[in-house]
Amino acid sequence: MRKRNLNYVVTAVLAVIFFSCKNESNTPKDIVAAKRPNVILIMTDDQGYGDLACHGSPYVKTPALDSLYAESVRFTDFHVDPSCSPTRAAILTGNYSARAGVWHTIGGRSLLKEGMVTMPEVFASNGYETAVFGKWHLGENYPFRPQDRGFKEAIVHGGGGIGQGPDYWGNDYFDDTYKHNGKFEKYEGYCNEVWFDQAIEYIDENKDNPFFCYLTTNLPHAPLHVDEKYVAPYRGEVSDRLANYYGMVDNIDENVKKLLNKIDEIGLKENTIVIFMTDNGPCPWFGGVEMDFDTGYIEEGYTAGMRGAKIWGYENAHRVPFFMRWPNGGISGGKDVDAIAAHIDIMPTLIDLCDLTTDSELKLDGRSLAPILNKTIDKWPDERKLIVQNQRVEYPVKDKEYQVLTEEWRLVKRESNELYDIKKDPEQKHDVAHEHPEVVKRLYADYEAWWNDVSVGFDEYAKIHIGNPSENPVGMYAHDAHSRNGKKIWVVDVEKAGTYEIRLNRWPEESGKRIVENKSGNAEVAVSDAWLKVGNIEQRKKVDKDMATVTFNVDINAGTTCIETAFHLPEEGKTLATQCIYVSYLGGLGKDDLNTYVASDPDEILKKGYEQNVIPYD
């Protein structure tokens, strides 16, 4: 019998015994006699719980997702992080995102911690083919890329959205260039159709092998670009912003239908686990809801009565749809499950359902949902607690913004601790903290225990590797850099001592733009010089108006250091950001060539004199 160590924050002894050991009752008998099930995990981006017709939306029509809903087991109290990268880190590791080193979407804090065992790694080690299509958002460079974390096939856009800094210059959702296993390739068609079409092709090619397909579309995340034919039905019914948003949901549904029809056509429906979910609630700034930012109540859009939105807290920030269908495993028929569950549960659940072998020392924060899915139990034997936090800072701050969730209660940190009886008050209109101080005290103690447990690595830095043959040259983006006084700073792990060529660009190389040009190309700015510092080595070079890049050669020893860059303007103290740099390992040196080099201490560079701006509710 395989044992798996599930690391719960707070749980009853009975639950620990029940869930830490895998037994025959947790695994459908069909697995023994048949091929292990395929897995397709579909996750949309910034789509709210209410943005499905099957959840009561009076606006969108989602027949394909409604059909999947009718055939699935649905978890009605399912939770994620309130923003993109943290949710993805939690799904792929079965651990809270904070433990996985991800609590922001930029600034080096969206890079999935080295050494964390990932779901695709577990699937691959058990003979599965593994692929990701769409949004990754857990790192652009080795060892953080999808192909470094267990995916054998990866077609993804850069950063957190198409058109962001790490994405290919000029991408606009149509006929774009994406990274295929780390190399840029051109694709024809609308982005969402590329993801689904590539996934369908991949599934068809691997229909005789078990596969794990992670299909993570960037829709309906802003910018809200979609063909007018999808938007037209909503014109005049809602604001233009929401019309475009709902048009994107229509496109998602259309492609889900195409995918589901394909797996049925090639005979995979019965033995394929299909999961549909979203990564967080709808965006209130430029997405699927208009919200009163003083109260969190919705002014336009549909949220199934929930308060709040992406990042901004309350239920609609983190409660999302979660449907699962697997006919061969008896997971079908249209059934609601009210037991509280979360993204951290997906990995242990699939390990059980697919009968995957793992290291006996593997530690997960999540617990397997298999006993509930297999009807061994219908509710948890303990009062399960989940923690949601929103940090979006470089160094997490205790008590900044958190929520403690149970099936009965929601402890919500705003100006003070608010408490809601979520069953009686699903809209979170009535704060009952003063009526139940003992509940507030107990749930806050759970938060403190959780914080003390997951915060041990908060001072660590995710280090991009240079000098590794898996990626040379290394193109690093400002998206993943730390910012200090007009400088961009990357923490790096130098794998090989030697000479490195470092090219500083204001714009990506494929743009063809000069340093002095602005983004739209209709104006120029005077730039005096480019500045580079690696460890104790500091260099400057003049910039002329025809230059697109400035090249430095630096001799660096192996180990951790910082690469600091800036473009200086003629005015004293004024700088422009280095949007990307390209680092190439040129070759080794004799020991004497590095006698004067001293590496940077990241804490010395990044913490000395730094006071981070903490916005309570950002």
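I began with the largest nonpolar core (a set of buried Ala, Val, Leu, Ile, Met, Phe, Trp, Tyr and Cys residues joined through side-chain atoms within 4.5 Å), where, of 79 residues, Leu41, Phe75, Met119 and Ile346 touch the most other members. Helix α12 (residues 437-454) gives this core its largest share, eight residues. I then noted a second, separate core of 52 residues, with Ala64, Tyr69, Phe211 and Leu219 among them.

The model is predicted, so I kept in mind that local features need pLDDT of at least 70 and side-chain atom pairs pLDDT 80 or more, while totals for chains, interfaces and linings use all residues. Residues are numbered from 1 along each chain as its sequence is written, and side-chain values use heavy atoms, without hydrogens and water.

For Phe75, I looked up contacts (heavy atoms within 4.5 Å) beyond four places in sequence, and found Phe322, Val337, Ala339, Ala341, Leu369, Ile372 and Leu373.

Next I turned to salt bridges (a side-chain nitrogen of Lys or Arg within 4 Å of a carboxyl oxygen of Asp or Glu), of which the count is 43. Glu394 and Arg484 meet in one at 2.5 Å, N to O; Glu394 lies in the loop between β17 and β18 and Arg484 in strand β23, so the pair ties together parts 90 residues apart in sequence. I checked burial here (buried is under 20% relative accessible area, exposed over 50%, partly exposed in between, with a 1.4 Å probe and protein chains only): Glu394 is buried at 13%, and Arg484 is buried at 7%.

Last, I recorded that Asp45, Arg88, Lys135 and Asp279 are linked in a network of salt bridges.

Conventions:
Helices (H or I, at least four residues) and strands (E, at least two) are DSSP runs, numbered from the N terminus.
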